[in-house]
Amino acid sequence: MSMAIRSRWARSSRAFAATAGLAAALAVGGVLTASPASAGTNCAGGYHCVFWSSFSSARHSYFNSDSNFTNDTFNDTTYGSSGSGTVVNDNAWSASNSSTGGYYSRYYLDINSGGGMLFCVKPGSQVLELSAALSASSLSLTTSNPGGCY
Amino acid sequence: MVTRKIAALATAVAVIACAAWVFVGRSGPSAPAGQPAPDIARLSADLPFYALLHAPSERQWRIAEAERRLAITCMSARGYRYAPDAIPRPSAATADHPLPFGLESLKTATAGPAPAASERQESKAFLAALYGSADRRISAKGRTIKVSWPATGCQAEAEKRLLGSERLRWLQVSIELGEGEQQARKNLDKDPAFRAADARWARCALAAGVETDDPVHLLNSLPRDTDFATSPVAKADIRCKSETGYLHTAYTRLAVVQRAWLDAHPAVLTTWQSLMKRQDGIARGVLG
């Protein structure tokens, strides 16, 4: 019996469109920017937030580690309704860290911190337009910087 | 020729879209009985980017711990008790290494247990002291991501103590280096030796009934709750990697491609090393 593999990414036109758009950003540049009031943009203190797309889309906030995003949805429309109700698993596009305990947000490919770490967000930081964030399925908080954190 | 170009483009798109630049906890591969297991941890540690970004080091620990202590002192001076746990000393047991070629083990969980919950809900004034004015952040954009950090507040002040006026440059070079690591992985797909390894692996997988182009594509196609230990697809992946010597070839060639990227971007490496040295020097003073 053949087990044909079909990429899970093929279903995400949003992902491909955003990736293509990001490819147009050719150079690293730095600026001072404004953002809404909170530690990380639109992320309350003590929380680690993921967003369906930008920080003005539906979000899900994690107060602690979470081993399985498949049973979570972007259920908070305080700052935007785009993506509301979508399952968090594989669909988080932006992430914000408003830790009050110095915790790094470590996002993993699979549930139960499996499949390897995808990316990491340091306290106070926020990362958006992450091409690598699309497949996050679990979150583990840690006090140590595993390297390569933004 | 056209077909080959389309195939190459499809592969590149798959890698970009999958962005499977994942990291795995220190664990050896699960080779079939009788097969010598390649020392994946050593192969990974030989990657030029590993030493820069991922290797556990006393230097990285000093910088992080100094930053933590500076933030605590700053918060205390502003009347707040900020008490993040001490940064654990680096050890091989806690090291993560990139997982650029999909599964290397049939272990499902690659990370240790999550720490006990200790986040606390704090006042807005506490948050303002720690992360500063919410409408002032520094940001930098790379080819695939945009990152922003607080411009003021105790977290920022701690980082400024270590980096001085170079904090934004540090953010920029961190993005450049991180994206360089990903770009090197993409460049590897053009490497003839690696492509041959992919082809050998794919033939082996097909013989096992698994039809896919490469191990990264395979990993991203699996349901996220897959139990690798019992998955026939995951078992075929690991077995074929072992039988074809896939990981040895892949890591060896990736090391060459990573070095080529660094050689082509000497300013990035020079800036990174300079700013790491600066931070470490000041961190030593902070830690006494």
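This is a short tour of chain B and the core around it, one selection at a time.

The model is predicted: local features need pLDDT of at least 70, side-chain atom pairs count only at pLDDT 80 or more, and totals for chains, interfaces and linings use all residues. Residues are numbered from 1 along each chain as its sequence is written, while chains are lettered from A and ligands numbered from 1 in the order in which they are written.

**Chain B.** Select the whole chain. There are 12 helices and five strands (DSSP runs numbered from the N terminus; helices are H or I with at least four residues, strands E with at least two). Of its 288 residues, 46% are buried (20 or more other C-beta atoms within 10 Å of the residue's own; exposed is 12 or fewer, partly exposed in between; C-beta atoms are placed from the backbone).

**The core.** Next, pick A:Y107, B:L130 and B:A250. These have the most contacts inside the largest nonpolar core, which has 96 residues. Such a core is a set of buried Ala, Val, Leu, Ile, Met, Phe, Trp, Tyr and Cys residues joined through C-beta atoms within 7 Å. Stay on B:L130. Leaving aside neighbours within four places in sequence, B:L130 is in contact (C-beta atoms, placed from the backbone, within 7 Å) with A:A39, B:M75, B:Y82, B:G153, B:C154 and B:Q155.

**Helix α11(B).** Select residues 246-264 of chain B. This helix has 19 residues and reaches 27 Å from first C-alpha to last, close to the 27 Å expected (1.5 Å times one less than the number of residues). Its buried residues include B:A250, B:L254 and B:W261. The buried residues of α11(B) pack against α2, α3, α7, α8 and α10 of chain B.

**B:D46.** Go to the loop between α2 and α3 of chain B, where B:D46 sits. B:D46 counts as partly exposed because it has 15 C-beta neighbours inside 10 Å. Now add B:T252. The two are 206 residues apart in sequence, yet 8.5 Å apart in space, C-alpha to C-alpha.

**α7(B) and α12(B).** Show residues 167-188 and 266-287 of chain B. The two axes (lines fitted to C-alpha atoms over the stretch in contact) come within 10 Å and cross at roughly 130 degrees, on a scale from 0 to 180 degrees between N-to-C directions. Therefore α7(B) is oblique to α12(B) (not under 35, over 145 or 65 to 115 degrees). Where do they meet? Among the residues are B:R169 and B:W170 in α7(B), and B:V268 and B:W272 in α12(B).

**B:P100.** Finish in the loop between β2 and α5 of chain B, the place of B:P100. B:P100 counts as buried because it has 26 C-beta neighbours inside 10 Å.

How values were computed: Contact = placed C-beta atoms within 7 Å.
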